[in-house]
Amino acid sequence: MASPRHSDPDRAVAPLRPLPAMIFASRWLQLPLYLGLIAAQGVYVWHFLVELWHLIEAVFGNQQALQALVNSIGYKPGYEITALNETVIMLVVLALIDVVMISNLLIMVIVGGYETFVSRLGLDKHPDQPEWLGHVNASVLKVKLGLSIIGISSIHLLKTFINAANYDVKVLMWQTIIHVVFLLSAIAIAYTDKLLNVSHERH
C-alpha cells in the first residue's frame with residue numbers, strides 16, 4: 001500500500017533550499033531566447049508578405065517586382081526575364097513554402113521548448129491546443145525537429161534542382177550530400193530514441 005506522502009496529490013510542496021531554488025530558477029534565462037525566436041518569426045512573416053506582394057505585382061506586369069523575384073530565387077546576377085513564367089512561379093511558391101516550414105519549425109521550438117524546459121503553458125483544456133503538444137517531451141521534440149529540418153532541406157533542394165542551370169555542380173553536389181546527412185541523422189536519432197523507449201519499457 002502506497003504511503004499517504006506519495007498518494008496525496010494535494011499535499012503541500014516543501015520549499016526548495018536556496019541553491020536548488022536558484023539552479024531551478026535559472027531555466028528562466030531561456031525566456032529571452034524564446035522571445036528572440038518570436039521576433040524572428042515576425043521577420044519571417046514580413047518576408048513572406050513581401051515576396052507574396054511581389055508575386056501579385058508581377059502577375060499584373062510590374063517589371064521591378066518580377067526582377068526582384070528573379071533575384072531572390074537564385075538566378076544569376078543580371079539575368080532578365082521579361083514575363084512571369086511557370087518556372088518562376090514554381091520557384092517563388094516553393095520559397096514561400098520554405099518560409100512556412102521554417103515558421104512551423106520556429107513555433108515547434110518556441111512552444112514545445114518553453115513547455116518542456118521552462119514552464120507549463122496551461123493549455124490542457126484550451127480548444128486550440130496543438131495535438132502534438134499533449135505528448136511532447138525532449139525526446140519527441142528532438143525527433144520532430146529532425147523531421148522538420150529534413151522537410152525544409154527537401155524543399156530547398158527541390159528549388160535548387162528546378163533552377164539547376166544557375167548553380168555550380170559543386171553546389172548541387174554539396175546540397176545533396178548535406179540533405180542525405182540530415183536524413184541519416186534523423187533516422188539515427190529516431191532509432192536511438194526507439195531503443196531507449198524499449199529499454200525503459202523493459203525496466
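The protein chain folds into seven helices and zero strands, and the model is a predicted one. Here are some exercises to work through with the structure open.

**Exercise 1: the overall layout**

Work out in what order the elements run from the N terminus, and what share of the residues is buried.

*Solution.* Start with the order: reading from the N terminus, you get α-α-α-α-α-α-α. Next, burial: of the 203 residues in the protein chain, 27% are buried. Then look at the surface, which comes to about 14,000 Å² of accessible area, with 67% of that belonging to carbon and sulfur atoms. Last, the contacts: among those with a separation of 6 or more, 61% join residues 24 or more positions apart.

**Exercise 2: the largest nonpolar core**

Find the residues of the largest nonpolar core, and say which element gives the most to it.

*Solution.* Step one is the roster. Twelve residues make up this core: Leu55, Ala58, Leu66, Leu69, Val70, Ile73, Tyr75, Ile81, Val88, Leu91, Val92 and Leu96. Step two is to map them onto elements: α3 (31–59), α4 (63–72) and α5 (86–117) each give two or more residues. Step three is the ranking, where α5 comes out on top with four residues. As background, nonpolar side chains in soluble globular proteins tend to be buried together.

**Exercise 3: the buried side of α4**

Which residues of α4 are buried, and which helices do they pack against?

*Solution.* First pick out the buried residues of α4, namely Ala65, Leu66, Leu69 and Val70. They span an arc of only 140° around the axis, so they sit on the same side of α4. Now check what that set packs against: the partners are α3 and α5. Compare this with the core roster, which includes Leu66, Leu69 and Val70.

**Exercise 4: a nonpolar patch on the surface**

List the residues of the nonpolar surface patch of about 710 Å², then decide whether Val59 is buried or exposed.

*Solution.* The patch is made by Val45, Leu49, Leu52, Trp53, Ile56, Val59 and Phe60. Zoom in on Val59, which is found in helix α3. The cut-off for exposed is over 50% relative accessible area. Val59 has 54% relative accessibility, so Val59 counts as exposed.

**Exercise 5: salt bridges**

How many salt bridges does the structure hold, and which side chains meet?

*Solution.* The count is one. The side chains of Glu115 and Arg120 form a salt bridge, at 3.1 Å from N to O. Now classify each partner. Glu115 is buried because its relative accessibility is 13%. Arg120, at a relative accessible area of 67%, is exposed.

**Exercise 6: a threonine in α6**

Is Thr160 buried or exposed, and which residues is Thr160 in contact with, leaving aside neighbours within four places in sequence?

*Solution.* Locate Thr160 first: you'll find it in helix α6 (residues 138–162). Buried means under 20% relative accessible area. Thr160 has a relative accessible area of 2%, so Thr160 is buried. Once the neighbours within four places in sequence are set aside, the contacts of Thr160 are Tyr167, Leu172 and Gln175.

**Exercise 7: three long-range pairs**

For Lys142, Gln30 and Ala165, look up a residue that is distant in sequence and give the C-alpha separation.

*Solution.* Take Lys142, a residue of helix α6. Lys142 is partly exposed, with a relative accessible area of 41%. Gly113 is 29 residues away from Lys142 in sequence, and the two C-alpha atoms are 10.0 Å apart. Not counting residues up to four places away, Lys142 touches Ile189 and Asp193.

Move on to Gln30, in the loop between α2 (18–25) and α3. Its relative accessible area is 26%, so Gln30 is partly exposed. Gln30 and Phe117 are 87 residues apart in sequence but 8.5 Å apart from C-alpha to C-alpha. Leaving out residues up to four places away in sequence, Gln30 touches Phe117 and Val118.

Finish with Ala165, which is found in the loop between α6 and α7 (169–202). Ala165 is exposed, at a relative accessible area of 68%. Along the chain, Ala165 and Tyr75 are 90 residues apart, and their C-alpha atoms are separated by 8.7 Å. You've met Tyr75 before, since Tyr75 is one of the residues of the largest nonpolar core.

Definitions and conventions: Residues numbered from 1 in each chain as written. Predicted model: local features only at pLDDT ≥ 70, side-chain atom pairs only at ≥ 80, totals over all residues. Heavy atoms only, no water. Core = buried A, V, L, I, M, F, W, Y, C linked by side-chain atoms within 4.5 Å. Buried < 20%, exposed > 50% of the residue type's maximum accessible area, 1.4 Å probe, protein only. Patch = residues over 30% accessible without salt bridge, like charges linked within 9 Å, V, L, I, M, F, W, Y side chains within 5 Å. Areas by Shrake-Rupley, 256 points an atom, 1.4 Å probe, with all protein chains shown as cover. Salt bridge = Lys/Arg side-chain N within 4 Å of Asp/Glu carboxyl O. Contact = heavy atoms within 4.5 Å. Arc of directions from axis to C-beta.
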